[in-house]
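Visitor: I've got this one open in the viewer and would like a walk through it. Could we take it question by question?

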Amino acid sequence: MAKVNPDFVKDIKKFGADEFSACYNCGNCTAICSLTDKNNAFPRKLIRYTVLGLESEIKSSVDPWLCYYCGECSTSCPRQADPGNLMMSLRRYLISKYDWTGLAGVLYKNLTAYIIAFLVVIGGVVGLYVGDVFNQEQMMHYGHYFEMFAIVGVFALILLPNLIRMWYLIVWKNTKKFVLKTHIDNIKELFIHMFTQKRSLSCDSEENKKDEKLWWFEHFMLVIGYLGLLFTTVVLNWFGPKSLIEGGNSAGSLFVIIIGYVFSAIVFVVTFDFVKRRIQKKSEKTTKSHPSDWFFVIWLLLMSVSAFAVRLLIDFNVLENNFWVFLFHLIILVQWALIIVPFGKWTHFLYRSFAMYFSSIINTVEKKK
Amino acid sequence: MKERIGIYICHCGGNISDYVDVEEIGKMLKEEDGVVISKDVMFACADSNQKQMVQDIVDNKLDAIVVASCSPKLHLHTFKNVAERAGLNPTNYVQVNIREQCSWPHSDQPREASVKAMGLIRAGMNRVSHSESLDNIEITVKKSVLVVGAGIAGMKAAIDLARLGNEVYLIEKDYFVGGHIAQSDNLFMSGQKGKEIVSNLYKEVKSFKNITVFTGVEVEKVTGSVGNFAIDIKIKPRFIKQKADFELVKKAMEECNTFVEDEFNLGFAKRKAIYKNYPEALPDLPVVIVDAIKEEKALLEKYATCFDLNQKDELLSLTAGAILIATGYDSYQPAEGEYGYKTVPNVITLPEFNRMIELNPNGLIHNGNKVKKVAFIYCVGNRQTKGDNKYCSRQCCSAAINTSIQIKEKYEDITAFHLFRDVRTYGKQEILYEKSSKQGDIYIRFDEKEPPKVELQGKKALVKVKDYLTAKKELELEADLVVLVTGMVSRSDSKHISEKFKIPIGTDKFFNEIHPKLKPVETVIRGVLIGGSCQGPKNISESVQSSLSAAAKINALLKSGTISLDPIIARVDNSLCTWCGKCAEVCEYDAVSEVEFDGKQVAQVNKAVCTGCGICAPICPYNAIEIAQFTDIEIESMIDGFMQKIEFNVKAAEEEKVEEKEVLTMKEFPQIWKNIFKLIEENKKTIPQLAEELNVSTDIITYHVMTMNKYSMVLADGMDTKEEYYYYTKKN
């Protein structure tokens, strides 16, 4: 017997959901959705769960992650209940529920908290420099170390435990068993979806089919660009080689410098277009942007631009006199690595692909039954 | 006996003549005694034939006519009018139905169809030969109307009837006018206060000198019939002296300290022993509850000039030409334990909830709890597949949702659950449903098989329900208040009204109209009409619509001062009648009474009341009572006519075939058929092709081709390349 919790509605609204109460259960959204199937009937079912406040059902549901927000459900809703936006908000809600620290929830629900967190980072970075704790060289040196430790630390302390929690909520609660073989057999799903988002290609909304395809390509390039830039800066130490003007770089270093430029340019171009889309609000998925959506695309954009600029200043050998550019880049980077990656929208990169993986595990178990 | 009869047998353009040998029948009947004219015609109802018939009647001095064609429902009046135009009394006309009763049902046995048609026509001929000339019964009527019930339906009808110049008596059972709507503070869709509408209507009623309002009235006896009803009413006293100082009465009301149950507020308040339903209630004169006020001796002494506890019921007799019943409805009263009603203190009905809201403008407290969560349970006492009330009360969904919107606006922090079976907010009321769900009301759908269960948990009600919108998930919800959305039922005193006015009650216990579509406000009692929700569940607009339509009907009835009634009624042969009273016993309309005639007691039929139903005729042991146009001799002669052996000239098989072909080569094809033939003779064609070439719309071509197909004149011959349309060719 499930208890109806009408207060949940207020909670989920803080994650960006709005008009879903208007739903009168016609089921048009589920009928029109090209991604839903018999096993995962969304969005109607999730609207019901939300309206009734059945939190444990929502928490153990993988469905929100199976939606790629083409928006066709929202445009065809006769009550303008915007099911697409509810699915988006439920993803934010789920991120906050997977997060063991609870900080994701605080940040999602509270813009002020977000801003305070950003300000703290600015204060810390600027403080370290202005307070003469580090000089320029040390700043750059430790900046690079920070990147490496942040990646390992955030993953080990935050993301890995969160993924285990997600596994528990989705796989364990739904199947009540752990079969290693099924987990190994289905692992390819994880990587396919992590790097290709091929499922989103099945969104076959008639109106903007072309745009959906373009969006998929841009998103694909963004993933490549972002991972490439991450690899170039952290592992290949993009800011390490000497200035191009001074010369004397090895062929390997030259290669690193060039791919760094290429990757940051890709990230810049795509995120610029993404920001433009959110401003223009031409498609359903970009009409309603939560602060966390803005932070995600803008910080990616700023990060790629500032990285590009820093490397450019190094290559023209004028970074010393324009060191604020590096500081700016570092601030963006730290905010990104400590706020947006562990607690913000970045996590969808992991959770969405793991959701696909978990979903195929559940399906295999169900089939065996 | 009629000696000069004219018989017309209709082909109905082939509808009859394809199967019934109308020509032969026509020839055969010509030989019968008393038949002057007997002929078959292509369309009896055609203007040209009607003119010919009038000419025939006049020229040949016909004294009766028979038309054998379609159902009398279609053309009885057509040919009655023909008779009238030719100066023949229309009662000397008989219609015989040989289409619906012969050619259509027996198309597979044309010869038997012809024999049956012949028998039926001969029966009709025999009957018409015994027909009498009867004239309509004219009755003088009083231009006055009794309106029973001063709710919104009754008051609106009274106003319109008065405006049209009728004398109106508006009687109300309660001491105050307004009925149910005074109990609602916020009416959907206008949001008006019921009490304001009542006050305005009453003001309007009082502005008409030809409306007399009586309150506290009971109907004692109703006699008479349309045009001249006599109604005895009993007016209950208010126990306030007629010449009492009104200010003093008011003071006494203020000072009164004895309280009794308050029916108007449904238990959510007490009322004084000198009371009005609500402060603005009209007529503006309080009522004294004698049993209760007897205790307050000091008050009675102080205001001795105001009260007269010895007032008696007043009896009054009214006469009215017509009666409008607008007695309204009762709200369904749940049984004890139904969804926890009366057993769980948090459970109330929607009408009770509406009173509670109006009496508590600042905050809802129930059972010592601040009300924050309200659960509405729909369809209580309605749409019972197993119970008595199978109908839907149609207004309760909207009423519940309206209340739900209202409490959210009026009080802070209210959550509303709606446990419904179907939401039927038809028409504009759909807007309310949308508003309510957009404001966050939670809708949960249950099935009659698995109704919600209400239990008490601490100070709250715990409702358990299976949600059919969430894969039948079992849900539990806490509510401070459970509101049962009760439907409408017939008034508890409907039976009394039905007995007094002799109007029938349906299986749903509401008053019955004659025909829901064609005579929606008339009852079987001529002159007694019904309006508003006494007829069945209606919302306010629908109630007013029906009562106004009844008012219009009444005005049309009384307008000319006389009423013309059909002469087909019972009549008594005084020489045979011995007054055993059996006819009076069975008469459902009380049309038979005992009178003295020629030194003995006989039965007399009230011409205005008798409907000619015929129940009295077979009951009479002396055969002294008969129905005009249905006399024994007429009926017996019909049977004789039908039973008479019919010697039909049996046609040889070849001959019949020839005749069938004749249908095909019928001269009177429409031009369009000829055109179609011409085109498809050369090449097979589809309907769209024909439409284009003939420059006629496809609908019309479809109609004609299908008709030709029915008569086997065309043949489908394969489909076009797109497999969209059939080709048609001429059938040989």
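Visitor: Leaving aside neighbours within four places in sequence, which residues is Phe376(B) in contact with?
Guide: Keep in mind that this is a predicted model. Once the neighbours within four places are set aside, Phe376(B) still touches a run of chain B residues. They are Ala400(B), Ser404(B), Ala416(B), Phe417(B), His418(B), Leu419(B), Val483(B) and Val485(B).

Visitor: Which helix gives the largest share of the largest nonpolar core?
Guide: That core has 225 residues, and Phe376(B) is among those with the most contacts inside it, along with Val147(B), Ala158(B), Leu324(B), Ile325(B) and Val482(B). The largest share, though, comes from chain A: 12 residues from a helix spanning 323-343, namely α16.

Visitor: How many residues are in the other core, the one with Ile25(B)?
Guide: That core lies apart from the largest one. Leu62(B), Ala64(B) and Val94(B) also belong to it, and its count is 38 residues.

Visitor: At what angle do α1 and α5 of chain B pack?
Guide: The two helices cover residues 22-30 and 110-129, and their axes are 10 Å apart. α1(B) passes α5(B) in a right-handed crossing. The packing angle is about 35 degrees.

Visitor: How many charged residues are in the contact of α1(B) with α5(B)?
Guide: From α1(B) come Ile25(B), Met28(B) and Leu29(B), while α5(B) brings Ser114(B), Ala117(B), Met118(B) and Ile121(B). By class that makes 6 nonpolar and 1 polar. As for charged residues, there are none.

Visitor: Which element supplies the largest share of the side of chain B that touches chain A?
Guide: Here 13 residues of chain B meet 14 residues of chain A. Two elements of chain B, α13 (430-438) and β26 (473-479), each supply at least two residues to that side. The largest share is 5 residues, and it belongs to β26(B).

Visitor: And how many charged residues does that side of chain B have?
Guide: Sorting the residues by class gives 4 nonpolar and 4 polar. The charged ones number 5.

Visitor: Over to chain A: what is its radius of gyration, and why does it fit a compact globule?
Guide: Chain A has 17 helices and 1 strand, and its C-alpha trace spans about 70 × 45 × 40 Å along the principal axes. Because a compact globule of 369 residues would come out near 21 Å, the value for chain A agrees with that expectation: 22 Å.

Visitor: What share of contacts between residues at least 6 apart in chain A joins residues at least 24 apart?
Guide: As background, buried residues make up 40% of the chain. Of the contacts you ask about, the share joining residues at least 24 apart in sequence is 76%.

Note on methods:
Residues are numbered from 1 along each chain as its sequence is written. Chains are lettered from A and ligands numbered from 1 in the order in which they are written. This is a predicted model: local features need pLDDT of at least 70, side-chain atom pairs count only at pLDDT 80 or more; totals for chains, interfaces and linings use all residues. Helices (H or I, at least four residues) and strands (E, at least two) are DSSP runs, numbered from the N terminus. The radius of gyration is taken over C-alpha atoms; the globule rule is 2.2 Å times the number of residues to the power 0.38. A residue is buried if 20 or more other C-beta atoms lie within 10 Å of its own, exposed if 12 or fewer, and partly exposed in between; C-beta atoms are placed from the backbone. Two residues are in contact if their C-beta atoms, placed from the backbone, lie within 7 Å. Axes are lines fitted to C-alpha atoms, for helices over the stretch in contact, and angles run from 0 to 180 degrees between N-to-C directions. A crossing is left-handed if the near helix is turned anticlockwise from the far one by less than a right angle, and right-handed if clockwise. Ala, Val, Leu, Ile, Met, Phe, Trp, Tyr, Cys and Pro count as nonpolar, Asp, Glu, Lys and Arg as charged, and the others, Gly among them, as polar. A nonpolar core is a set of buried Ala, Val, Leu, Ile, Met, Phe, Trp, Tyr and Cys residues joined through C-beta atoms within 7 Å.
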